[in-house]
Amino acid sequence: MVALSVNVNKIAVLRNSRGGADPDVVRAARACLDAGAHGITVHPRPDARHIRADDVTALAALTRDYGVELNLEGNPFAPPRSGYPGFAQLCAQARPAQATLVPDGDGQLTSDHGFDFGRDAEKLRPRIAELKALGCRVSLFVDAGVADVARAAELGADRIELYTGPYAEAHARGDAAAALAACAATARQAQAAGLGVNAGHDLNQQNLREFAAAIPNLLEVSIGHALIGEALYAGLADTVKAYLRLLKG
Ligand SMILES: CC(=O)[C@@H](O)[C@H](O)COP(=O)(O)O
Ligand SMILES: NCC(=O)COP(=O)(O)O
């Protein structure tokens, strides 16, 4: 079975919008794990817009208690700043099972591209070594069709994560075949080089099954934005009924 790692960034978005403690990121993560999710993913960003360093510490403790994986995502080149100690420092504190390196720039709305090995390879090599020395499995975020995906293995990475945003967009338009074929081809090239294959971004209940069926030996998907949104629809009716019961005379 493909592992499902639930990304709980969006719970922190909601919490931070009021500045308090609710909704509680750890409680939400626990609910995901109690429901059978295989792991938890977070992508703390340098501007601390959602997940903060203290969330990472708390989620590391939770996932350790449950005996499941924490997947920590981030840009290894983003400099530390107030409230963000830097990706390697976060990994040193939390010791996530998996560190997924993502080349996001500052102020990016969300992740929208993977590494370019022609440009980034030699910078990545020492960062990967540093994370491996901490005991983390290292995964690199890549676009489907990236040139020379085998380079990730030569740099010391264990896995790639396929950026599935373009596939999700194509699926929503009703013409996913080419995007899916590009993902499958990159997955095969990565596997031939000894890399494991993860995937994520904008996967949802409409596009997931077709994706998982087309990618050979897919190991893990990380899903957040759609899953948390869908959970609101799934839970709203019961929650409204609970409030109405409270208001009954
Ligand atoms: C790396 C990746 O694919 C992203 O989906 C990311 O984890 C989402 O980050 P935001 O929740 O900040 O959009
Ligand atoms: N790595 C992808 C991820 O963690 C979740 O992406 P999304 O489902 O929030 O788009």
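These legends accompany several close-up views of a predicted model.

**View 1. Helix 10, its length and its kink.** Helix 10 covers residues 225-247, and its 23 residues should span 33 Å if each residue adds 1.5 Å, a value with which the 32 Å between its end C-alpha atoms agrees. The helix nevertheless has a kink of about 45°, and this kink is centred on Gly 235. Is helix 10 largely in the open or largely buried? The number of buried residues in helix 10 is two out of 23, so the helix lies largely in the open.

**View 2. The surroundings of ligand 1.** The residues around ligand 1 include Asn 7, Asn 9, His 43, Arg 45, Glu 73 and Val 102 from the earlier part of the numbering, and the list goes on with Thr 110, Ser 111, Phe 141, Gly 200, His 201 and Gly 224. When the members of this shell are sorted by class, eight are polar, two are nonpolar and two are charged.

**View 3. The surroundings of ligand 2.** Ligand 2 is surrounded by 13 residues, of which the closest are Asn 7, Gly 200, Ser 222, Gly 224 and His 225. Which elements each supply at least two residues of the shell around ligand 2? They include strand 8 (218-223) and helix 10. By class, the shell of ligand 2 holds seven polar, three nonpolar and three charged residues.

**View 4. The largest nonpolar core and Ile 160.** The largest nonpolar core has 63 residues, and those that touch the most other members are Val 8, Val 142, Ile 160, Leu 162 and Val 197. Helix 8 (residues 177-192) gives this core its largest share, which amounts to five residues. If residues up to four places away in sequence are not counted, Ile 160 touches Ser 139, Leu 140, Val 142, Val 149, Ala 152, Ala 190, Leu 195 and Val 197.

**View 5. Ser 139 in strand 5.** Ser 139 is a residue of strand 5, and it counts as buried because 26 C-beta neighbours lie inside 10 Å, where 20 or more are needed. Apart from neighbours within four places in sequence, Ser 139 is in contact with Gln 98, Thr 100, Ala 157, Asp 158, Arg 159, Ile 160, Glu 161 and Asn 198. Ser 139 can also be compared with His 43, which lies 96 residues away in sequence and 13 Å away in space, taken from C-alpha to C-alpha.

**View 6. Pro 103 in a loop.** Pro 103 belongs to the loop between strand 4 (98-101) and helix 5 (117-133). Is Pro 103 buried or exposed? Pro 103 counts as buried, because it has 22 C-beta neighbours inside 10 Å. Once the neighbours within four places in sequence are left aside, the contacts of Pro 103 are with Asn 75, His 113, Gly 114, Phe 115, Asp 120 and Phe 141. One of these partners is Gly 114, and although Pro 103 and Gly 114 are 11 residues apart along the chain, their C-alpha atoms are separated by 6.3 Å.

**View 7. Two aspartates with positive phi.** Asp 148 has a phi near 60°, which is a positive value in a residue other than glycine, and Asp 202 likewise has a positive phi of about 60° without being a glycine. Asp 148 is placed in the loop between strand 5 (137-143) and helix 6 (151-154), whereas Asp 202 is found in the loop between strand 7 (196-200) and helix 9 (208-214). Asp 148 is partly exposed because 13 other C-beta atoms lie within 10 Å, while Asp 202 counts as buried because it has 20 C-beta neighbours inside 10 Å.

**View 8. A cis peptide bond before Pro 23.** The peptide bond that runs from Asp 22 to Pro 23 is cis, and its omega is near -5°. Pro 23 itself is placed in the loop between helix 1 (9-16) and helix 2 (25-34).

**View 9. Asp 54 in helix 3.** Asp 54 has its place in helix 3 (residues 53-66), and it counts as exposed because it has 11 C-beta neighbours inside 10 Å. The C-alpha atoms of Asp 54 and Val 2 are separated by 29 Å, and these two residues are 52 residues apart along the chain.

Methods. Residues are numbered from 1 along each chain as its sequence is written. Chains are lettered from A and ligands numbered from 1 in the order in which they are written. This is a predicted model: local features need pLDDT of at least 70, side-chain atom pairs count only at pLDDT 80 or more; totals for chains, interfaces and linings use all residues. Helices (H or I, at least four residues) and strands (E, at least two) are DSSP runs, numbered from the N terminus. The expected span of a helix is 1.5 Å times one less than its number of residues. The bend at a residue is the angle between axes fitted to the seven residues ending there and the seven starting there. A residue is buried if 20 or more other C-beta atoms lie within 10 Å of its own, exposed if 12 or fewer, and partly exposed in between; C-beta atoms are placed from the backbone. A residue is near a molecule or strand if its C-beta atom, placed from the backbone, lies within 6 Å of it. Ala, Val, Leu, Ile, Met, Phe, Trp, Tyr, Cys and Pro count as nonpolar, Asp, Glu, Lys and Arg as charged, and the others, Gly among them, as polar. A nonpolar core is a set of buried Ala, Val, Leu, Ile, Met, Phe, Trp, Tyr and Cys residues joined through C-beta atoms within 7 Å. Two residues are in contact if their C-beta atoms, placed from the backbone, lie within 7 Å.
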